[in-house]
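Biologist: Could you walk me through this model while I have it open? I have a few short questions and may jump around.

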Amino acid sequence: MADEESKRLAHADYWDERYSGVQPDGRLHEWFRSFSDLEEFFDRNLFQIRKPDTTPSILHLGSGDSTIPRDLAERGYTSQICVDFSTTAVELMSKRHADIAGIRWEQMDVRHMDGIPSQSIDVAFDKGTLDAMIHGSPWSPPPDVQQNTGQYLKEVLRVLNPNGVFLYITYRQSHFIKPLLQREELDWDIQMETLGGSDSSFGYYGFICRPQKGTQ
């Protein structure tokens, strides 16, 4: 993808335009990995740790038209909030999932989640949203990338409860992502899993980030 188009990914009007052509029963795409691709990752980092009967609060960050909220609802997770800054995407998904209890769709910029109370979320999930804020040189990200990703990650840390977890799926190389996650003001406890990758597909990564005690 050209850098000019990559820049547009961080703007709501780009996604409004793309989702405007999607029919109520159609889909734009699943952002590079489906629920089935991630099921083992979820098993290790969600299903075994926070079972549905504990009713964890799950926040989907930049949810778009992903099926993962529905897939988790089918697993019994009934306290899910899906936020996206595309009004078109939120309206589309609200109508499509009107019959599913326990999923709420909100138009919201993940860099300014004023509608989400501090320390109210058990699991925050990102599949490509942070990636969409990144363009330019991966060795020296431009100022807008530093600003956007910094605001976003600080908001994620704010809304997580002290025992919460941020699950982040990315196709970007881990040595470029780690400096964004390891800013001094964030102070995460970070683990990383290498996911997928074969002769026919690119590897991707799952980051498991937990707030260090006393940093929120």
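Biologist: Let's start with one residue: is Arg-75 buried or exposed, or in between?

Modeller: Arg-75 counts as partly exposed, at 38% relative accessibility, where buried means under 20% relative accessible area, exposed over 50% and partly exposed in between, computed with a 1.4 Å probe on protein chains only. Before going on, please keep in mind that this is a predicted model, so local features need pLDDT of at least 70 and side-chain atom pairs count only at pLDDT 80 or more, while totals for chains, interfaces and linings use all residues. Residues are numbered from 1 along each chain as its sequence is written, and side-chain values use heavy atoms, with hydrogens and water left out.

Biologist: Which side chain does Arg-75 meet in a salt bridge?

Modeller: It is that of Glu-39, at 2.1 Å from N to O, a salt bridge being a side-chain nitrogen of Lys or Arg within 4 Å of a carboxyl oxygen of Asp or Glu. The pair links distant parts of the chain, 36 residues apart, with Glu-39 in helix H3 and Arg-75 in the loop between helix H4 (68-74) and strand E2 (80-84). Helices (H or I, at least four residues) and strands (E, at least two) are DSSP runs, numbered from the N terminus. Glu-39 is partly exposed as well, at 31% relative accessibility.

Biologist: How many salt bridges are there in the whole structure?

Modeller: The search finds five. Among them is the one between Arg-158 and Glu-155, at 2.7 Å from N to O, and these two residues are separated by about one helical turn because they lie three residues apart in helix H7. Glu-155 is buried, with a relative accessible area of 12%, whereas Arg-158 is partly exposed at 24%. Another joins Arg-111 and Asp-109 at 2.9 Å, N to O, and there Arg-111 counts as buried at 15% relative accessibility.

Biologist: Since H7 came up, what is its reach from first C-alpha to last?

Modeller: H7 covers residues 143-159, 17 in number, and reaches 25 Å, close to the 24 Å expected at 1.5 Å a residue; the expected span is 1.5 Å times one less than the number of residues. Its buried residues include Val-145, Tyr-152, Leu-153 and Val-156.

Biologist: And which residues touch the most other members of the largest nonpolar core?

Modeller: Of its 30 residues, those are Leu-59, Leu-61, Met-113, Tyr-152, Phe-166 and Leu-181, where a nonpolar core is a set of buried Ala, Val, Leu, Ile, Met, Phe, Trp, Tyr and Cys residues joined through side-chain atoms within 4.5 Å. H7 gives the largest share of this core, six residues. A second, separate core has 18 residues, including Leu-38, Phe-41, Ile-68 and Tyr-77.

Biologist: What does Leu-181 touch?

Modeller: Leaving out residues up to four places away in sequence, its contacts include Leu-153, Phe-166, Trp-188 and Phe-207, with contact meaning heavy atoms within 4.5 Å. Within H8, Leu-181 is buried together with Ser-174, Ile-177 and Leu-180. These four cover an arc of only 120° around the axis, which puts them on the same side of H8; the arc is that of the directions from the helix axis to the C-beta atoms. His-175 and Pro-179, on the other side of H8, are exposed.

Biologist: Switching topic, where is Thr-129, and which backbone oxygen does its side chain reach?

Modeller: Thr-129 is in helix H6 (residues 129-132), and its side chain reaches the backbone oxygen of Leu-61 at 2.7 Å. The residue is buried, with a relative accessible area of 13%, and it touches Leu-61, Gly-62, Val-110 and Tyr-152, not counting residues up to four places away in sequence.

Biologist: What about the backbone: what is phi for Thr-55 and for Asp-187?

Modeller: Phi of Thr-55 is near 50°, and Asp-187 has a positive phi of about 55° although it is not a glycine. Both deserve a look, because most residues other than glycine have a negative phi. Thr-55 sits in the loop between helix H3 (35-47) and strand E1 (58-61), and Asp-187 in the loop between helix H8 (174-181) and strand E6 (188-198).

Notes. A polar contact is a pair of N or O atoms within 3.5 Å; within protein, one must be able to donate a hydrogen and the other to accept it, and residues adjacent in sequence count only if both atoms are side-chain atoms.
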